[in-house]
Amino acid sequence: MNEVGCSPKEAKKLLWRARGNVDRAIDLGFGCDTSYLPRGSNNNNDDDEWDFTLPRILDGNADNLGDDAGSDNGSDSGINTPNTLSSKLGSGGDDEFDLEKLVGGIQAGQSCEDIRSRLTRYREHMKPEKLREELNGLILGIPGFFYVVETLNVELVRMWSEYGGDVNITYGLSKPIPLIAYVIALGTSYETDTTEILRTLLGLGASVASIPRAFLSHLERDLPDDGPPIDELGDLIEENKKWCTPKTRRRITATLNFRFEQRYLLHRAAGLNRFSGAKRQVAKLHKAEALLGVHYFIIGQTAALTYVVDRLLCYLALKTQKPMILLFAGPSGHGKTELARQLGSLISLDLLTVDCTKMHSAFDLWGPVKPYVGYADGSKLNNFLAEHSGRCSIVFMDEFEKMDQDVRNTLLLPFQEGICLDLRKELLTPVDCTKTIWIMATNAFDETIHAFCNKHEKVLFSDEPGREGQKLVQQLSRSIQKESVTKFGAPLSGRISDFVPFLTFSPSEQAAVADRIVADFGRDVIRPVTVSDVVSKAHMVGDLDLQVRRGYSVCKALAAQGYVPELGARSITNTVDRDVKVPIVNEYLANREEIREDQGRCAFVVGVDEDGTIDVSEKPSEGTFGSS
């Protein structure tokens, strides 16, 4: 070692010789500058802990290491991963698996399309288990997946997992830090908000078993700045939780107090049963893996979501030659429409939405028949079913109760036999809709559902409703089925496969909804100001760092002041507009004579007074709230 220090390339050599152990690499490099190496999470000294910063991979190109970057025995293998050497897939450089080059390209901003192309090429030349081993290798002692989630790119995270990346991978030896803990630690501002990444990882099967239970329970409170009280942290002695040191607890608490929804997601993950390998296998076969993560994208409705997922997996596994007809019943703003519209992408099927408020005649729904004018144009529903004849697809009928009864009766044959007619043809042509999934959303049973929720509030809205809550929801489903005979008639009700009730929100769910709405605003205003004479290009309220202090208290206050069970999330949206958005934008505009692109960043703090009133105020920004 020379006294002027070692280069990054030489530092990598040290790490390779130490087989990924950063502390050992530093010892081997005594006398040279090893600041290039990331400090690991293996030391007991609080000051030496990893600061959650990842190193930059030089030029995104492992070739820069040179032929002398190998091991002490003269090997010319590159230092891609300390625990596995490069896999030779062919004579060309593009066919040689190189994790460092792959990660370097990701850090350099390569598109997801380019990354997928390379991963696909590797998969064509490697056995799946070998590719998984390589993707879960280390770069400078840190797993490749950590570099992937750092991009905050959901598509890239899903892709890495699809090709074999392990969502439960850890970094470190004596105190291994789980990937989801790293994700939480990153998200201390709206500029680096990691909530969507956390949702995605949990949906892909990431476990919360390594998160201390005190972070997962007692949702209805703010956490102390140093994390949960020490008397609640008895499980820190468990091997998989030793990473959660006082310094790290402070870091992740900053995020969890800032984004209450992340606490809600962790709590939800702890209470859900994991999907079996067989269910994941069926979902993967039908390109429906995203369906298994739906609980993390829709707030509340645990019973409804669980039932719909199980029902759809059975439908896909059996390849049933009969239409599935689902009725989503519940008050507005509680997830019926959101779930129905997401299902198309979740199970990779085309989806058509029918606005039933406009369906007053059979012509409106199906189109005119010959010789009426316009018969050749058909209707959206007619044309969609004809284009998907014999193939799986989804038809979502919103506000189903507002469709006239005689129009609803025209659905009896498609629901029963899976057959309709293409009315555009001179000779009416049968259309096969046996594989169509029909979803009707309705508010027709709101009184029944509100009365049910009020009666069983303690069980349904406890932190862990368990089997008793599930049984109650099943009883509600049967009640709706009986009531449907009166509202929609026996012929139609008898053809509905399942009646799925959507309940009102519990207090913690209301707070999670409020947090999500505030976060949408926060992510919008953190974007840079753009001054333009073209309205569509201008972004006049920007460079604004929205800082939420004591996120649960703020969101609880917003929900308490605004949540109306009959209106759902929409009522909370109105309250956030009134108490957060409007005051902040008004003060932002009042304090400036001119909006400029070089005006610098400002900060607004959102808090709550002792009486539960939301308080917003501008303050000089001296960095990102909650960052370490």
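Two strands count as paired here if DSSP finds at least two bridges between them. With that in hand, here's a quick tour of this predicted model. We'll start with a three-strand sheet ordered S12-S13-S14, move on to the enclosed strand S7, and then look at the cores, a couple of buried helix residues and some positive phi values.

**The S12-S13-S14 sheet**

- This is an open sheet of three strands with mixed pairing, in the order S12-S13-S14.
- S12 and S14 sit at the edges with a single partner strand each, so one side of each has no neighbour in the sheet.
- From one strand to the next, the twist averages 20°.
- Strand S12 (residues 544-548) runs parallel to S13, and five bridges join the two. Take Asp545 as a way in: its bridge partner in S13 is Ala603.
- On the other flank, S13 pairs with strand S14 (residues 614-619) in the antiparallel sense, over six bridges. Val605 has Ser617 of S14 as its bridge partner, and Gly607 is bridged to Asp615 in S14.
- Helix H25 packs on this sheet and touches S12, S13 and S14, with its direction at about 65° to that of S13.
- Strand S13 itself (residues 602-608) is mostly covered, with six of its seven residues buried.
- The hairpin of S13 and S14 has five residues between the strands, and Gly612 takes a positive phi near 85° there.

**Strand S7, covered on both faces**

- Six of the six residues of S7 (residues 393-398) are buried, so the strand is largely enclosed by the rest of the structure.
- As a reminder, side chains in a regular strand alternate between the two faces of the sheet.
- In S7 both faces are covered: Ser393, Val395 and Met397 are buried on one side, and Ile394, Phe396 and Asp398 are buried on the other.
- Strand S6 (residues 351-355) runs parallel to S7 and is joined to it by five bridges. Within that pair, Leu352 stands opposite Val395 of S7.
- S7 also runs parallel to strand S10 (residues 436-442), again with five bridges between them. Here Ile394 stands opposite Ile437 of S10.

**Nonpolar cores**

- The largest nonpolar core has 103 residues, and the members touching the most other members are Phe145 and Leu201.
- Helix H24 (residues 507-525) supplies the largest share of this core, nine residues.
- There's also a second, separate core of 42 residues, which includes Leu365, Ala386, Val431 and Ile480.
- Back at Phe145, and leaving aside neighbours within four places in sequence, the contacts are Val157, Trp160, Ser161, Gly165, Asp166, Val167, Ile169, Leu179 and Leu201.

**Leu198 and Gln262, a buried pair in contact**

- Leu198 lies in helix H9 (residues 195-203), while Gln262 belongs to helix H12 (residues 260-271).
- Leu198 has 0% relative accessibility, so it counts as buried. Gln262 is likewise at 0% and counts as buried too; the cut-off for buried is under 20% relative accessible area.
- Not counting residues up to four places away in sequence, Leu198 touches Ile180, Val183, Ile184, Gln262, Leu265 and Leu266.
- With that same exclusion of residues up to four places away, Gln262 touches Ile184, Asp193, Thr194, Thr195, Leu198, Thr255 and Leu256.
- Ile184 turns up in the contacts of Leu198 and in those of Gln262.
- If you're looking at the backbone, the C-alpha atoms of Leu198 and Ala181 are separated by 9.3 Å, with the two residues 17 apart along the chain.

**Positive phi outside glycine**

- Most residues other than glycine have a negative phi, which is the background for the next two.
- Leu152 has a positive phi near 60°. This residue is in the loop between helix H6 (144-150) and helix H7 (154-162), and its 30% relative accessibility makes it partly exposed.
- Arg550 isn't a glycine either, yet has a positive phi of about 55°. You'll find Arg550 in the loop between S12 and helix H25 (551-562), where it counts as partly exposed at a relative accessible area of 31%.
- That places Arg550 between S12 and H25, the helix that packs on the S12-S13-S14 sheet.

Methods. Residues numbered from 1 in each chain as written. Predicted model: local features only at pLDDT ≥ 70, side-chain atom pairs only at ≥ 80, totals over all residues. Heavy atoms only, no water. Buried < 20%, exposed > 50% of the residue type's maximum accessible area, 1.4 Å probe, protein only. Helix = DSSP H or I, 4+ residues; strand = E, 2+ residues; numbered from the N terminus. Contact = heavy atoms within 4.5 Å. Core = buried A, V, L, I, M, F, W, Y, C linked by side-chain atoms within 4.5 Å. Axes fitted to C-alpha atoms, helices over the stretch in contact; angles between N-to-C directions.
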